[in-house]
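Thanks, everyone, for making the time this morning. I would like to talk through the aromatic side chains and the company they keep, so please have the structure up in front of you.

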Amino acid sequence: MTRETATRPTAHGARPSWTEVRETIADCCPTKVIELLAPHEPAELKGLHTPLKALHTELRRAERTDYRHVYQQYAPLLVAALMSAPTPAQAAWWLSKPMLLHATWAWGPNSGSSNPDHGKLLALLTARRGTDWTGDLACRLATGMRANPDRALWQIASGLAEHSRAEVPLSDGYVVGWAAAGSRVRYRRPGGTEEHTLASWLRAEPRLGQYIARTFEIPGLGSEFVDPNAHRFGADNDWPKVLAKLCAEGRLVRGEIIDACAARLLAGDRPGSLRGHIMVHEQLAPTPTEIHDRLPTYLGMAATAPGVAAKLAQDALRRLDTATALDTYTLVGLSTDVFSRAETGLASRQLGWIDATLKKNQDAAPILLPSIGTAFTHPAVPIQQRALRVAAKHLHSAGADVISTLCQAAQHLDPALRDDARRVFSAPDAQAIATPASSAPVRLPPYQPAPMPSAVESLDELVTAFTPVLANTAITPLEAEQLMAAVAIHADRHREALAAALAPLRVTYPPQTIYGWQQCTFPGALRCLFDAAVGEDHRQFKIARLSAGEATRPIMVTVLRINELTDALLVERRVPALLATPTMPSGAIDVDVLRARLAMYEQREASPLKHDLQQALIRVSDSERDGIHAELSALPALPAPIPALDDYLDQAKTYGRNLMPYARPLGMPSGTRPETLRPVGEEATSPYWVLVPPFDPHDKIAFAQDGWNIHCDHWPILLPHDPELLAAHAIPILYRQANGEDRSGPTIFPHLAETAGTPGPITHLALAYGLTAERLHNRVAAQDALLTLAARDLLQPAHLGRLAAELWRREMIRPKRLITSLQEAEKAGAATQVFTATATAIDVLATTPDTRGLPDLLLLATRCAANAAAGAAQIPGLAALTTVRKPARVGQEANRLLEALSQ
């Protein structure tokens, strides 16, 4: 086609000009765009591609100022772009923009459907275009699809592939979209009568084998096989059952599916995805012959795969051993690998397997027993104990060489088991068992407080300090305090010089509107402060009062002070210095420094900022605050004293399950909670009312809730002398983390341990919850706090043990997690403190000897006593436990502990 022919008007009329197209897009109606462009071939419209891309860039820039109108233009823009795209590559570029694709909601003058209409987009792409063009576009979309694809985009790509009959590449994103589409098939009802099923949908797929093979290769896709609602739709809509059924029908090769599933389990995956693959494996139920044919895979799975997959492999190999006895040397290698893992369940089952094998075949003892030596090094002491019992049971069938080998391996047993090991082994060197080469106890390192960041003094340093703020890089709370103090000082010295020094940053980070929700965040508030420092104000509105939700977020204390300083700069109010800037890493203020700052205000005849003064008074101790008020009677006082909460535990006993806050047994649903009694509006717009809510035992949510797990590193420096109040605020989140209701990161630990105040019962209650958190990194943070308090000689282990035991007995914490955390603290050098805590807990739990986990607690106490780190302290309730016969381990461990204490 020549250039003249390409630009000639068609029989339907003249080709629309760019002005007409732009005006139609501005009307925000995709239907009008279709009516305008439909009479013309795509080749006639290719000239629109360049101006449409320029319009897209223009609209993206305009989003900040007029988002609503801009967003309404995206749907007609995408329609015009797809109808005029000259090549598949250009059409794929437009479809790769999620904002445009999701905006295709309105198709008529009065809005339209509530979901993107991919069907109409598909019709636009296939109209007047050949199958080569649509097939090329389908392949491009499939290739570039993200691993978590957009549902509408996948439907478009699938529709194009079906229209052109093209074999699209099975990329990760395309296969994930395919599997998700299969899970949704059951909701289709063509013609309103026939119900589609996953099984029928898969049977109709010509490339079924290729798709299914890819589902096992893509990490995370196994979660698609886990559907808790599948039982409601029948077996033909349950992925694992359908795959097993298709294998039985011969539509899938059973051996290939087992291989693919086992390979994925061996490689590992996220827990949710692994659960899906395990369900598929369970439905396939490999026979002993099939397991034997894949013996290296299952052995590798038991050795290195994640715990759930290793358990599956162990069970499969046990079934194989039952059907056709597993080679003894293979069992030895398997046992050694399993004992090298940390999972106690795997090791316990493996010991049971060895025990059962030796009962049937004593001749295998010389080969199998040495593998038990690996279990002597297992981190779980109960596993070491059981391994010792299994060895003792079958030691008579082993030779002298095996006994000597086990005796040497017993050197690695926990010190609490050394006497048992000496009694089991009769080798000449048995007295040396469990005596380590270096028996010096680990000592706690001295406490090293966090350094105080240096003050921001020069203007160049202030520019450097502001750069990460404007680049949305997180800074520490103390760095933010130093930044605010520097802005106030330099603005008071020379306002014009401050603005000139910060001006270059304005070029790199141009001004933008700060909306209300942004202003109530830490980065947004600091951006407002920067704007005020250069003499500008881009806030949507000022913060005049806090809502009830905002008043429970501790970050709002700092936001209020930043907003207050911003207002002062904009009205050129004199601020010689910020009163509340900390002088210590804990957030506390030296009282003499505060007196000097107040004197500076008096000398300069300036009035302190309201929120800044209140925060400064909170950052000094009660006695120092009283002294300042005695000297300066005109100084405004805090609204009320900061509560000590000394009667917290007595009230907790009174209210039982309503123990404030959130102390209900694990698994018990939360009841209806009344509204908080915290003041709202202007009364709550101050640091005091954010940090110090009214104390009422009848109010179950008197303390802060969800907001307190945001910016957790800000908490301690806001209340540096009140760890009890901080702990009371944190306990709701810590409790939910302990019972699995909240999966956020560390909340208040280990910062709580570095405050200037003295921790009391509530702090130790919070510590008990922290040590039993569901997530490991939360427990590690609490362990660090325990070690810090111990190094500062502020830990009260008896308080910790008593509170933990009460929570344990009420089934409000997981005892296994508590014991594990205490073991880690003991290994780090806090053996004396751990013994005191465990001894107190044992005394509390002695009246209920059937308490789950008590034997392991007794074993931990024995270990501390055997290391001679705890002295010769006695436990009053221990004698009663020594006579307990059921559970048997309680009496055994109690006697072991009593023997260790008597040495």
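Tyr74 is buried, with a relative accessible area of 0%, and I should say straight away that this is a predicted model. Tyr71, by contrast, has a relative accessibility of 23%, and because the cut-off for buried is under 20%, Tyr71 counts as partly exposed. Both tyrosines belong to helix α5, which covers residues 67-84, and they are three residues apart, or about one turn of the helix.

Turning to the rings themselves, the structure holds 11 aromatic pairs. In the case of Tyr71 and Tyr74, the ring centres are 6.1 Å apart and the planes meet at 75°, so this pair is edge-to-face.

What is the geometry of the pair formed by Phe225 and Trp239? Their ring centres are 5.3 Å apart with the planes at 45°, so the pair is tilted. Phe225 sits in the loop between α13 (208-217) and α14 (239-249), whereas Trp239 is in helix α14, so the contact ties together parts that are 14 residues apart in sequence. Phe225 and Trp239 are both buried, and they also belong to a cluster, linked by ring pairs, together with Trp178, Trp201, Tyr211 and Phe216.

Finally, a word on arginines placed over rings. Arg129 lies over the face of Trp133, at 4.1 Å from the ring centre, while Arg792 lies over the face of Tyr447, with a distance to the ring centre of 5.3 Å.

Methods. Residues are numbered from 1 along each chain as its sequence is written. This is a predicted model: local features need pLDDT of at least 70, side-chain atom pairs count only at pLDDT 80 or more; totals for chains, interfaces and linings use all residues. Side-chain values use heavy atoms; hydrogens and water are left out. Rings of Phe, Tyr and Trp (its six-membered ring) pair if their centres lie within 6.5 Å; planes under 30 degrees apart count as stacked, over 60 as edge-to-face and the rest as tilted. Helices (H or I, at least four residues) and strands (E, at least two) are DSSP runs, numbered from the N terminus. Buried means under 20% relative accessible area, exposed over 50%, partly exposed in between (1.4 Å probe, protein chains only). A charge sits over a ring if NZ of Lys or CZ of Arg is within 6 Å of the ring centre and within 35 degrees of the ring normal.
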